[in-house]
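User: I have a structure open here and would like to talk through its side-chain contacts and helix packing. Could you go over it with me?
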Amino acid sequence: MDCLVACLSSPSIHGARNRRASASDIFEVTILDYFRLPGGKMIMRDLLMHLSSTVGGLMIIVTLFQNNFPPHLGDLLQKYTSKLVRLLYPYIQITFPEYTGERLKKSDVYTAIQNYLTEKATTGAKKLRADTLKDSQSLVLSMDDNEEVTDEFQGTKLWWSSNKIIPCSMSMSVYPATEERRFYRLMFHKHHRDLITGTYIKHVMSEGKAIALKNRQRKLYTNNPSDNWYGYKSNKWSHVVFEHPATFDTLAMEPKKKQEIMSDLKKFSEGKEYYKKIGKAWKRGYLLYGPPGTGKSTMIAAMANFMNYDVYDLELTAVKDNLELRKLLIDTSSKSIIVIEDIDCSLDLTGQRKKEKKKDDDEDEEGKGDPAKKMKEEEETKASKVTLSGLLNFIDGIWSACGGERIIIFTTNFIDKLDPALIRRGRMDKHIEMSYCFFEAFKVLAYNYLDVESHPLFGTIEAMLKETNMTPADVAENLMPKSSTETPETCLRSLIKALEEAKEEAARKKAEEEEEAKKKAEEEEEEAKKAEEEEKAKESEAKHAAKSIEEAKENGLVANGKLEEEKVNVKGNGVTN
């Protein structure tokens, strides 16, 4: 019997007393524990008889008390009884319901606690529930209903329990939360109130959100045309699961340069307080530029996998104006990468200011202009009216500070075509040149494609890569085995052959360019010589004319000529003598 009293006084039983099925929980714990005692089976009947008689006596006493005591004395006695219970019962309970308000929205606090207790449940709980949560990468185990686990924080012991209340009258509702109400209950000793309410709950929220981000399935978004933004289940962005396998380990780039980019990304992800201190929005811009095939898109995928971020691939040609561009920005989440690939081809932003000025001048000169031509111009510009100013505000304006921890990436094949205001430091903070394949990048590709770290042919390839420009995409294509019979050496020789052909092609193009340059120089020389001869001829003509004039003066022909000219002028003006 003493063992039974000890079981009833434990914190787990106190937690069970406050649940809907408290009597059955107490009975289950106490009876099962008592069953494990030596000789427990022999006195089970006596135990049940004592329990039933005790409960019956208590019910009679309560009934007599309610019928014979005056109401005001009963209220007074209940008040002091509650104080006595609170004084003797040292535990505090906090309830976290699944739905807040009118239960129309799931509580973020409840979700964070659920994520936090996932690991505790797998190690401490005996009854588990397996779920495949939305956007989760794997099976998630959590506490089953009416289960309890123990946690410890800074030397303080506390208890979490998962509970469910089923209403007595089941009513039909469109909201499943009205059918059964789940909640978590946290119980701890009253001496630790400040620690739990001030520090521990914040710790649980932070850890729960971190676990949710870790377990979530990352997504690749693309913007929808604005015609599809409204209506039932319509969104500004549509998405697919982001499963690109590229990492910095598989990226063909110099190790030193890769490490520099990784360190920059890590510093950014840990810089929330730093950006707040210096008064800047928590975002960073990267400009990736270089010839086609140098791995710009692969770099973006590697950055997303390294940072565990979602990717928003923004297609500017589908955005009608600056207002839509701003709405798209607001609708992106934190911990994301916003990408505009081939920015020089997406919109004609280069020299846009000059073109607008020229257009205004032409309109001033021509008036209203041709209506048909005007309609044609409007039709051409109907697809997108995003301006350079709108794009700059998108990157670095006031609205860019809504949300945090965002990376904005531009890619281009021709950096010279971009407006300097678009890529200045502060907007595109880091410029990364994606160049041709060097030997260090080749070694990464050889290991990825052939599982080869060294080979006698590496020396030849290293020498050829110094003399020949070949993109990582072309190198990878030559290294990839095309059949099961190809060996690493076969693929390496195929690369050497491709490098030789590329070298010959480069030499041929260089010879053609030199020939063309020589031919152009000869043409320019001929033109210069011709111009010089023409100049000499003009000088000779001028000298001959001057000599003729001098001779005419000597013979008096010039004076006669002037006299005749005066007569003609007077006659033309109608003056007569």
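Analyst: We can take the salt bridges, then the helix packing, and then some surface features. Please keep in mind that this is a predicted model.

User: Good. How many salt bridges does a search of the whole structure find?
Analyst: The search finds 13 salt bridges in the whole structure. One of them joins the side chains of E260 and K430, with an N to O distance of 2.9 Å. That pair links distant parts of the chain, since E260 sits in helix 8 (residues 255-269) and K430 in strand 15 (residues 430-433), 170 residues apart.

User: Are those two buried or exposed, E260 first and then K430?
Analyst: E260 has 45% relative accessibility and therefore counts as partly exposed, whereas K430, at 14%, counts as buried because the cut-off for buried is under 20%.

User: And what about K283, which residue does its side chain meet in a salt bridge?
Analyst: The side chain of K283 meets that of D396, at 3.3 Å from N to O. K283 lies in strand 11 (residues 283-289) and D396 in helix 15, so this salt bridge ties together parts of the chain that are 113 residues apart in sequence. K283 is buried, with a relative accessible area of 9%, while D396 is partly exposed, with 32%.

User: Now E440. Where is its partner, K443, relative to it?
Analyst: Both residues are in helix 17 (residues 439-450), and because they are three residues apart there, about one helical turn separates them. The closest N and O atoms of the E440 and K443 salt bridge are 3.7 Å apart. E440 is partly exposed, with a relative accessible area of 34%, and K443 is also partly exposed, with 30%.

User: Which residues are linked in a network of salt bridges?
Analyst: D145, K164 and R182 are linked in such a network.

User: Let's switch to helix packing. You mentioned helix 15; at what angle do helix 11 and helix 15 pack?
Analyst: Helix 11 (residues 322-330) and helix 15 (residues 388-396) pack at about 15 degrees, and their axes are 9 Å apart. The two helices are therefore roughly parallel to each other, and helix 11 passes helix 15 in a right-handed crossing.

User: And helix 8, the one with E260: how does it pack with helix 10?
Analyst: Helix 8 and helix 10 (residues 296-307) pack at an angle of about 45 degrees, with their axes 11 Å apart. Helix 8 and helix 10 are therefore oblique to each other, and helix 8 passes helix 10 in a right-handed crossing.

User: On to the surface. Which residues make the nonpolar patch of about 290 Å²?
Analyst: That nonpolar surface patch is made by L73, L76 and Y80. L73 is found in helix 5 (residues 71-88), and because its relative accessibility is 36%, L73 counts as partly exposed.

User: One last residue: where is D416, and is D416 buried or exposed?
Analyst: D416 is placed in the loop between strand 14 (406-412) and helix 16 (420-423). D416 has 76% relative accessibility and therefore counts as exposed.

User: How far apart are D416 and D344 in space?
Analyst: Their C-alpha atoms are 9.4 Å apart in space, while D416 and D344 are 72 residues apart in sequence.

Technical notes: Residues are numbered from 1 along each chain as its sequence is written. This is a predicted model: local features need pLDDT of at least 70, side-chain atom pairs count only at pLDDT 80 or more; totals for chains, interfaces and linings use all residues. Side-chain values use heavy atoms; hydrogens and water are left out. Patches are made of residues with over 30% relative accessible area and no salt bridge: like charges are joined within 9 Å, nonpolar side chains (Val, Leu, Ile, Met, Phe, Trp, Tyr) within 5 Å. Accessible areas come from the Shrake-Rupley method with a 1.4 Å probe; for residues, only the protein chains shown count as cover. A salt bridge is a side-chain nitrogen of Lys or Arg within 4 Å of a carboxyl oxygen of Asp or Glu. Helices (H or I, at least four residues) and strands (E, at least two) are DSSP runs, numbered from the N terminus. Buried means under 20% relative accessible area, exposed over 50%, partly exposed in between (1.4 Å probe, protein chains only). Axes are lines fitted to C-alpha atoms, for helices over the stretch in contact, and angles run from 0 to 180 degrees between N-to-C directions. Angles under 35 degrees count as roughly parallel, over 145 as roughly antiparallel, 65 to 115 as roughly perpendicular and the rest as oblique. A crossing is left-handed if the near helix is turned anticlockwise from the far one by less than a right angle, and right-handed if clockwise.
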